[in-house]
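Here is a short report on a two-chain model. Please look at the sequence and structure first.

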Amino acid sequence: MHSAPRLALCAMLLAITSACVTINIYFPAAAAEKAADRIIDEVWQLRDNAGQPARPEGAAQ
Amino acid sequence: MKLVSRLRVLLAALLFSLAGHAAAQNNLEINTPAISALQKSMQQRHAQLAPLYASGALGLARDGTVALRDASSVPLAQRGQINALVSAENADRAALYREIARANGRPEWEADVRATFAQRWIDRAQKGWWVQGAGGWVQK
C-alpha cells in the first residue's frame, strides 16, 4: 500500500536529477544558435533593414 | 489496478522531467549589461566594417573572428586604421563569447559559443562577402 507513492517519489527524484545532470553537461546548441542569431540581427541591423535593403543583392560586380 | 496507477505516475514523472529539460534549454541568457554594451559597440563599428566585407578586404573567419583577407585591396595609408578596426572588433567578439558563457554560469562553454557564432556569422553573411570554409576563403 505504501510502496506506490514511495516509488512515484523515487521515480520523480530520479527523473529530475537526471534532467539536471544533462543540462549541466551538454552544451545547448540550439539555444546558442538562437542567441547568436538574435545578437547578429542587432549587430548587423538585419531586422530593422529587412523591409528596405540598403543595396539590392547582386548589384555589385 | 495498482500497476496501472504506478505506470501512470511513472509516465507523469517522465513527462515532467522532459518538460523541465526543454524549458531549461530553450534560451541562453544574453540580456546582461556587459553583453548589451558589447553588442552596441559592435553594431556601431559595423558601419565601418560593412564596406570592407563587401570589397573583400575583410572576411569572416572560421574561428568566429574577422580577418584581413586581402590587404592589397586597401590603400597603404588606410591599412593601419583597418588593422585597428579588426583588432577592436575581434576583442569585442572574444569578450562577447566569454560573457555569454559566463552569464549562463558555464565559463567552459566559451569555445562552444565561439564555434556557434562562427557558423552563424558565416551562414548569415551577405552575398559577395568572403567567408572561410574548411578549404579556404570562398565568396558568398
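## Strand pairing in chain B

Val131(B) stands opposite Val138(B), a residue of β4(B). Trp130(B) has its bridge partner in β4(B) too, namely Gln139(B). On another strand, Gly59(B) is the residue opposite Trp130(B) of β3(B).

The model is predicted, so local features need pLDDT of at least 70 and side-chain atom pairs count only at pLDDT 80 or more, while totals for chains, interfaces and linings use all residues. Residues are numbered from 1 along each chain as written, chains are lettered from A and ligands numbered from 1 in written order, and side-chain values use heavy atoms, without hydrogens and water.

β3(B) and β4(B), the latter spanning residues 136-139, run antiparallel and are joined by 4 bridges. A hairpin links the two through 2 residues. β1(B) and β3(B) run parallel, with 2 bridges between them. Strands count as paired if DSSP finds at least two bridges between them. Elements are DSSP runs numbered from the N terminus: helices are H or I with at least four residues, strands are E with at least two.

## Helix α2 of chain B

Helix α2(B) covers residues 33-55, which makes 23 residues. Its first and last C-alpha atoms lie 33 Å apart, close to the 33 Å expected at 1.5 Å a residue. That expected span is 1.5 Å times one less than the number of residues.

Where does α2(B) bend? The bend is at Ala47(B) and comes to about 50°. It is the angle between axes fitted to the seven residues ending there and the seven starting there. A proline, Pro51(B), follows within four residues.

The buried residues of α2(B) include Ile35(B), Leu38(B), Met42(B), Leu49(B) and Tyr53(B). Polar names appear in that list as well, among them Gln39(B), Arg45(B) and His46(B). The cover over these buried residues includes α2 (29-44) of chain A. From chain B it includes β1 (58-60), β2 (66-68), α3 (76-103), α4 (110-123) and β3 (130-133).

Ser55(B) also belongs to α2(B). Its C-alpha is 9.1 Å from that of Val74(B), 19 residues apart along the chain. Just after the helix, Gly56(B) takes a positive phi of about 90°.

## Three residues by accessibility

Buried means under 20% relative accessible area, exposed over 50%, and partly exposed in between (1.4 Å probe, protein chains only).

| Residue | Place | Relative accessibility | Class |
|---|---|---|---|
| Ser55(B) | α2 of chain B | 44% | partly exposed |
| Thr116(B) | α4 of chain B | 12% | buried |
| Gln45(A) | segment after α2 of chain A | 25% | partly exposed |

Leaving out residues up to four places away in sequence, Thr116(B) touches Phe27(A), Ala32(A), Glu33(A) and Ala36(A). Contact means heavy atoms within 4.5 Å. Gln45(A) has a positive phi of about 55°, although it is not a glycine.

## The second largest pocket

The second largest pocket holds about 160 Å³ of space. Its lining has 12 residues, and those closest to the centre are Arg38(A), Asp41(A), Glu42(A), Arg47(A) and Gln39(B). Two elements give two or more residues each: α2 of chain A and α2 of chain B. The largest share, 4 residues, comes from α2(A).

A pocket here is an open set of points on a 1 Å grid over the protein atoms alone, where a 1.4 Å probe fits, with protein on both sides within 12 Å along at least five of seven lines; lining residues have an atom within 4 Å of a point. Points are joined across faces, edges and corners, and the volume is the space filled by probe spheres set on them.
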